[in-house]
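Trainee: I'd love to go through this one with you, piece by piece. Please start with whatever I need for reading the contacts.

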Amino acid sequence: MAFEPPQRLVRALAESAPDGDAWVEELPGATERAVAALELTVERVQVPGGRSSLVVLVRLPDGTPAALKLAPPRYRPEAERAALAHWGGLGAVQLIESDATDGVPLTEGVLLLERLHPEVSVRSLPEAKAWLEAAGTLRRLWVAPPEGTVFETVAERTGRQAVAMRGASAPAEVATLVDAALAAREELLAAPPEVRLLHGTFRQSKVLAGDRAPWLAVGPDPVVGECAFDLARLVRDRVEDLIASPSGAATTRRRVKRLAESLDVDQERLRGWTLFRAVESGVRALRVGRPRDAELLLEFAGWL
């Protein structure tokens, strides 16, 4: 199959992954090999697609619709495979194991998934309904991690991020937010209330309509830790709308309270992790040359 990788993916990898160009150059060949090995019929490449992987809509040899996903090692596709296998389709997209394709093993970085409806996410619902469905989906994912887990912990992931945040050169007002975010992290890690398998990058656009269940999560970057860390990314969903609203700050604080109450998460721990994750994302956006995104995220963080 001849195709051009989606430009959104190409730009994102060039921005954030040192080896992005090499992986993109090899992507057509890798996709052709996976399609041939699994005897898939290609329908189309999903566009605009994501910023960390290629998704191709395909059919299995028996005609069953499926999705073929290829991701570079930087985005930990094998951890995603392990998490999806552990969830077993409960709240998340179902991983299609190799026995469904005549025992053909899937190569590293290649996942074969059940077909959802990529054009319909929870974001398409009215706002109140969207929050309800997103929160309900996330709750189902919070299970005990498998024994002998190889997943990153929240402490490990945020530790790497903290090092990058400390090393970033930033204006004084941003440095103040960084200090506050790092202090919050230290306090939160001192006594985590539980250890669960987390989605890692959960937001409304990561919840798609399905046939087997109304809504299923996709695209995890799994991590092991406390639930408030996972919920923190959802708090800042639709951040552009929040910033544009004259009541954005008050709405944000109400959102923290309501989400914490609805999912039985400590409100102050949720606020702390929301602060850390927003500042980390904002500093990273500054570092890779996305000043508009950085401005939105850091203004949001200042409300917390």
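Mentor: Contact here means heavy atoms within 4.5 Å. Residues are numbered from 1 along each chain as its sequence is written. The model is predicted, with local features needing pLDDT of at least 70, side-chain atom pairs counting only at pLDDT 80 or more, and totals for chains, interfaces and linings using all residues, while side-chain values use heavy atoms and leave out hydrogens and water.

Trainee: Which residues does leucine 242 touch, leaving aside those up to four places away in sequence?

Mentor: Start with its place: leucine 242 belongs to helix H8. Helices (H or I, at least four residues) and strands (E, at least two) are DSSP runs, numbered from the N terminus. With a relative accessible area of 5%, leucine 242 is buried (buried is under 20%, exposed over 50%, partly exposed in between, for a 1.4 Å probe and protein chains only). Its contacts are Val235, Asp237, Gly248, Thr251, Thr252, Arg255, Phe300 and Trp303.

Trainee: Asp237 is on that list. How far apart in space are aspartate 237 and arginine 123, C-alpha to C-alpha?

Mentor: Aspartate 237 occupies the loop between helix H7 (227–235) and helix H8 (239–244), and at 4% relative accessible area it is buried. Among the residues it touches are Arg123, Trp131 and Arg203. Along the sequence, aspartate 237 and arginine 123 are 114 residues apart, but in space the separation is 9.5 Å.

Trainee: Which side chain makes a polar contact with that of lysine 69?

Mentor: Lysine 69 lies in strand S3 (residues 65–70) and is buried, its relative accessible area being 11%. A polar contact is a pair of N or O atoms within 3.5 Å; within protein, one must be able to donate a hydrogen and the other to accept it, and residues adjacent in sequence count only if both atoms are side-chain atoms. At 2.9 Å, the partner of lysine 69 is glutamate 80.

Trainee: On to helix packing. Are H10 and H11 roughly parallel or roughly antiparallel?

Mentor: Axes are lines fitted to C-alpha atoms, for helices over the stretch in contact, and angles between N-to-C directions run from 0 to 180 degrees. The axes of H10 (residues 267–287) and H11 (residues 291–302) come within 8 Å and cross at roughly 160°. Under 35 degrees counts as roughly parallel, over 145 as roughly antiparallel, 65 to 115 as roughly perpendicular and the rest as oblique. Therefore H10 and H11 are roughly antiparallel.

Trainee: And how many charged residues are in the contact of H4 with H7?

Mentor: Helix H4 (residues 127–141) and H7 pack at about 160° with axes 11 Å apart. Trp131, Ala134 and Leu138 of H4 meet Asp230, Leu231, Leu234 and Val235 of H7. Ala, Val, Leu, Ile, Met, Phe, Trp, Tyr, Cys and Pro count as nonpolar, Asp, Glu, Lys and Arg as charged, and the others, Gly among them, as polar. The contact holds 6 nonpolar residues and no polar ones, and the charged count is 1.

Trainee: Now the backbone. What is omega at the cis peptide bond of valine 47 and proline 48?

Mentor: Look in the loop between strand S1 (41–45) and strand S2 (54–59), where proline 48 lies. The cis bond joins valine 47 to proline 48, with omega about 5°.

Trainee: Is glutamate 39 buried or exposed?

Mentor: Find glutamate 39 in the loop between helix H2 (20–38) and S1. Although not a glycine, glutamate 39 has a positive phi of about 55°. Its relative accessible area is 53%, so glutamate 39 is exposed.
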